[in-house]
Amino acid sequence: MVTFSVFSFSQKKQNFVIVIDAGHGGHDTGARGVADLEKNIALDVSLRFGNLIEKNHKDVKVVWTRKTDVFLELSERADISNANHANLFVSVHCNSASNTSATGTETFVMGLKKMDQTDEVSRRENSVVFLEKDQEKYEKFNPNDPEAVIAFEIMNAAYKEQSLRFADLMEKTFVNSQGRRSRGVKQGNLHVLRNNASPSVLVEMGFISNYDEGTYLASEQGKQDVAESLYKAFKQYKSEYDRRSGVSEEEEKPKPVKKVEKPLEGKKLKIRVMESTMKFSSTSPQLRGLTDFEVIQEGNKYVYYYGETDLQSRADDLLTSMKRKGFSGAKIVEFETNKKLEAGKNYRVQFMTSNKKYRDRDDKFNGLTNVLRVKEGGLQKYYYGAETTMEAAQKVLKQVQDKGFRNAFIVTFNGEQPM
Ligand SMILES: [Zn+2]
């Protein structure tokens, strides 16, 4: 007879995810160094770096974009990061130059500011795109298109400060704990960083085209030193992160059991997570992998709410988890239950936008009838329902989403005009 034993490990809750991205891989070898290829050094250091974190931080989940010598597209790296809800993304690379006397480390954050020196690194690290099948997706982003730049800046602003902080810690640690030469923190338009919904950096650990630095970086000692230096910088960053998000050893202990909590009467709480002038689709990195937002258009902005509860403690927990996801402006807001809008106003669900006019009962509406069409800015917008309470509007929203309009949202109207 065979018996199976089940072991369970008690583990500290993992509240932080780092994605470590070893640059290049497979037929994309990266730069050719004096002693080894960039892809091999990057992978080796990435594994050592992540292992140090796993060993010392039980509350951190380490995700590697690759753990073997395989080819990955640049967009796949960001996809892995976003799917894992990364709190930090680090892409690990080696530098190279035709001038073989060039040495030193440098760390990049995403930025569109033109800087001549960094164009060379951006060009080289982006060039893998030419090994990929679908190059078009990168060309969609045009740094000379003001609208694309604004959309990018809105998203990047949320992570820029922390990206710069981590980049700075990395460069300082290279100098202070290893006596390396630092070329500093720089900005570049790097494809591998651009679509990450988290603070993100790309580190160039040194020039493998230089005889001394290239030999050192390919050696066991060199790779271990660099991994330890990256780890030291991470450790500092993580402790700052914990302080900011109010996590301490104390709070990790189980909380004393509370008295039975009474639900709030006549009102409920939601988390107002963020607002934006843009309506993000459910797969946008801005939504950090969360799909159950309630989006309400108020005038020219979209407000994103998450969760709904009549328990204060539940709302507090939700708020903490939203902040940890990186929504630093999240707050709890109170709603009166079944509150009626003022006379004449109503909530409708916008489910479709098109440049074409469709009649009511069109097949495109998937069975929705009495659809209201409103022309706005050259586009036809289609609305369903007209309710006077948010609760009723939410039911209509659910119904519309079940018809396949996953990105539908609620808009406040005055009569038949959006407010
Ligand atoms: Zn590289």
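## Glu-213 in helix H7

Let's begin with Glu-213, a residue of helix H7 in this predicted model. Its relative accessibility is 9%, so Glu-213 counts as buried, the cut-off being under 20%. What does the side chain of Glu-213 make polar contact with? One partner is the side chain of Arg-180, at 3.3 Å. A polar atom of the Glu-213 side chain also lies 3.0 Å from the backbone nitrogen of Gly-104.

Setting aside residues up to four places away in sequence, Glu-213 touches Thr-103, Gly-104, Arg-180, Gly-206 and Phe-207. Gly-104 and Arg-180 therefore appear both as touching residues and as the sites of the polar pairs described above, with Glu-213 itself buried at 9%.

## The β-α-β unit

Now have a look at strand E1 (residues 16-22), helix H1 (residues 38-56) and strand E2 (residues 60-64). Together, E1, H1 and E2 form a right-handed β-α-β unit. The two strands run parallel, and five bridges join E1 to E2. Phe-16, for instance, has Val-60 in E2 as its bridge partner.

How enclosed is E2? Four of its five residues are buried, so strand E2 is largely enclosed by the rest of the structure.

## The largest nonpolar core

This unit also feeds into the largest nonpolar core, which has 39 residues. Those with the most contacts inside the core are Ile-18, Phe-49, Ile-53, Val-90, Phe-166, Met-205 and Phe-234. Which elements give two or more residues to this core? They are E1, H1, E2, strand E3 (88-95), helix H5 (146-178), strand E6 (200-207), helix H7 (211-218) and helix H8 (220-244). H8 gives the most, with eight residues.

Ile-53 is a nice place to zoom in. Leaving aside neighbours within four places in sequence, Ile-53 is in contact with Ile-18, Ile-20, Val-60, Val-62, Tyr-231 and Phe-234. Of these, Val-60 is also the bridge partner of Phe-16, while Ile-18 and Phe-234 are listed with Ile-53 among the residues with the most contacts inside the core.

## Phe-108 in strand E4

Next comes Phe-108, found in strand E4 (residues 105-110). Is Phe-108 buried or exposed? Its relative accessibility is 0%, so Phe-108 counts as buried. Phe-108 and Val-201 are 93 residues apart in sequence, yet their C-alpha atoms are 5.6 Å apart in space.

## His-24 in the loop after E1

His-24 is found in the loop between E1 and H1, and thus between two elements of the β-α-β unit. Its phi is near 65°, a positive value in a residue other than glycine. With a relative accessible area of 7%, His-24 is buried.

The side chains of His-24 and His-93 are joined by a polar contact of 3.2 Å. Beyond the neighbours within four places in sequence, His-24 is in contact with Thr-29, Gly-30, Glu-38, Lys-39, Arg-66, Val-70, Arg-77, His-93 and Glu-125.

## Asn-338, another positive phi

Where is Asn-338? This residue sits in the loop between strand E10 (331-336) and strand E11 (345-354). Phi of Asn-338 is near 50°, again a positive value in a residue other than glycine. Whereas His-24 is buried at 7%, Asn-338 is partly exposed, with a relative accessible area of 46%.

Methods:
Residues numbered from 1 in each chain as written. Predicted model: local features only at pLDDT ≥ 70, side-chain atom pairs only at ≥ 80, totals over all residues. Heavy atoms only, no water. Buried < 20%, exposed > 50% of the residue type's maximum accessible area, 1.4 Å probe, protein only. Pairing = 2+ DSSP bridges. Right-handed = clockwise from strand over helix to strand, strands pointing away. Core = buried A, V, L, I, M, F, W, Y, C linked by side-chain atoms within 4.5 Å. Contact = heavy atoms within 4.5 Å. Polar contact = N/O pair within 3.5 Å; in protein donor to acceptor, adjacent residues only side chain to side chain.
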